[in-house]
Amino acid sequence: MILVTGGAGFIGSNFVLDWLACGDEPVVNVDKLTYAGNLANLASLEGDSRHIFIQADIGDAELIGQLLRQHKVRAVVNFAAESHVDRSISGPAAFVATNVNGTFNLLEAVRAYWGELESAAQAAFRFLHVSTDEVYGTLDREAPAFTETHPYQPNSPYSASKAASDHLVRAYHHTYGLPVLTTNCSNNYGPYHFPEKLIPLCIQNALAGEPLPIYGDGQQVRDWLYVSDHCAAIRRVLEAGSCGEVYNVGGWNEKTNIEVVQALCSLLDELAPRADSRSYAEQIRYVQDRPGHDRRYAIDAGKLQRELGWRPAETFDSGIRKTVQWYLANPQWVADVTSGAYRDWVASHYQSTP
Ligand code: NAD
Ligand code: DAU
């Protein structure tokens, strides 16, 4: 049995679905169900006894301890986090609460449980912490991509809180010998991506006839990875990674934001043409930049390839086509998530942009 945190979010739910599609080892899924947690992502697992969902905060060390013991968990994969950079700028407290204090409490629960295990189970146990390339800060245009030894230089409250959690995880290995693994991944995209993030937001706005908001000059670069490739990387690191090691995960797919949005528009022009036959690109609008906006992220995933043989299966062209097709095939999912808190957030965030 493994325990996954944040398994109702974008990457966590993709991971749970992929995990149970690849094997029969059950999953205890602990998720607080914040605005970003959506059980509809896991609807296909209804009635599947291999998936046990518990609504809880990772900061509830007592409950986590109980679950670890009750289910004799052999590994924890920690996805739970506040994940949206813009929200961390307007309200950083939740990011410190979950990403820093929540991870700390989770580590404490895991450390106590691990300490009670017999030596063979202790040696086999793993705590895999899912982190981000944003902890490394920003890169100049020509600089080499981030390796695992790149200095930490987080620039947003989000990335600073993730950096803090990475340091705690590292310290629990160094000090207590907890068998940890850390993955630092680039931008994911794919099914169940909450439409506050660039790609799903632009697909949804395009179809709704709304503006496609590009921050600043749109020349910021991100390294895009299709989510199922990230899930495969995590499975591989969990299976064969060396304890205490960090593995960068990336798509070898650097794109400027404007290139990404133009690619989306071209696909939508082909797959769901506008009634007036004009291009969705006409809906692109340049808006006020994100404060402290990192210019470029790029991941060197060479270590993961050399040591564990992982490489992404999808190119950007294949992955973005699958993504657009998924959103077109799942309008009800989009309609459901766009009600309530998400709509309030979009209204308050974009009302001040020109
Ligand atoms: P997400 O925001 O879609 O999902 C986060 C999930 O965590 C939600 O289901 C939410 O309900 C849950 N959660 C939040 N606070 C919690 C708490 N205190 N206790 C229990 N559950 C809680 O995020 P995501 O995009 O799926 O990212 C998952 C992880 O991967 C995060 O740690 C993020 O930092 C990291 N990451 C994301 C990306 C990306 O491009 N999305 C890239 C690299 C790393
Ligand atoms: O790099 C990994 C990170 O990728 C993860 O750690 C984060 O959890 C995840 O949210 C993502 O962060 P970004 O800030 O890169 O993702 P986002 O989709 O918010 O933005 C992608 C780029 O697009 C970024 O340069 C900001 C820009 N952008 C975003 C939005 C929402 C726009 O131009 N317009 C927008 O409306």
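User: How much space lies in the second largest cavity?
Analyst: The model is predicted, so to speak of its features, local ones need pLDDT of at least 70 and side-chain atom pairs count only at pLDDT 80 or more, while totals for chains, interfaces and linings use all residues. Residues are numbered from 1 along each chain as its sequence is written, chains are lettered from A and ligands numbered from 1 in the order written, and side-chain values use heavy atoms, without hydrogens and water. A search of the whole structure finds two cavities of 30 Å³ or more, a cavity being a set of points on a 1 Å grid over the protein atoms alone where a 1.4 Å probe fits but cannot get out. The second largest of them, with R222, H293 and Y297 among its lining residues, holds about 50 Å³.

User: What is the volume of the largest pocket?
Analyst: A pocket is an open set of grid points with protein on both sides within 12 Å along at least five of seven lines, and its lining residues have an atom within 4 Å of a point. The largest pocket is lined by 14 residues, of which E148, Y152, R170, G244 and V246 lie nearest its centre. Its volume, taken as the space filled by probe spheres set on points joined across faces, edges and corners, is about 300 Å³.

User: Which helix gives the most to the lining of the largest pocket?
Analyst: Helices (DSSP runs of H or I, at least four residues) and strands (E, at least two) are numbered from the N terminus. Residues 157-176 form helix 6 and residues 180-185 form strand 6, and each of these elements supplies at least two residues of the lining of the largest pocket. With five residues, the element that gives the most to this lining is helix 6.

User: Is W252 buried or partly exposed?
Analyst: W252 lies in the loop between strand 11 (246-249) and strand 12 (254-256). Leaving aside neighbours within four places in sequence, W252 is in contact (heavy atoms within 4.5 Å) with D223, I299, D300, A301, G302, R311 and P312. Buried means under 20% relative accessible area and exposed over 50%, with partly exposed in between (1.4 Å probe, protein chains only). Because its relative accessible area is 40%, W252 is partly exposed.

User: Which residues on the two sides of strand 8 are buried?
Analyst: Strand 8 spans residues 212-215, and both of its faces are covered. The buried residues are L212 and I214 on one side and, on the other, P213 and Y215.
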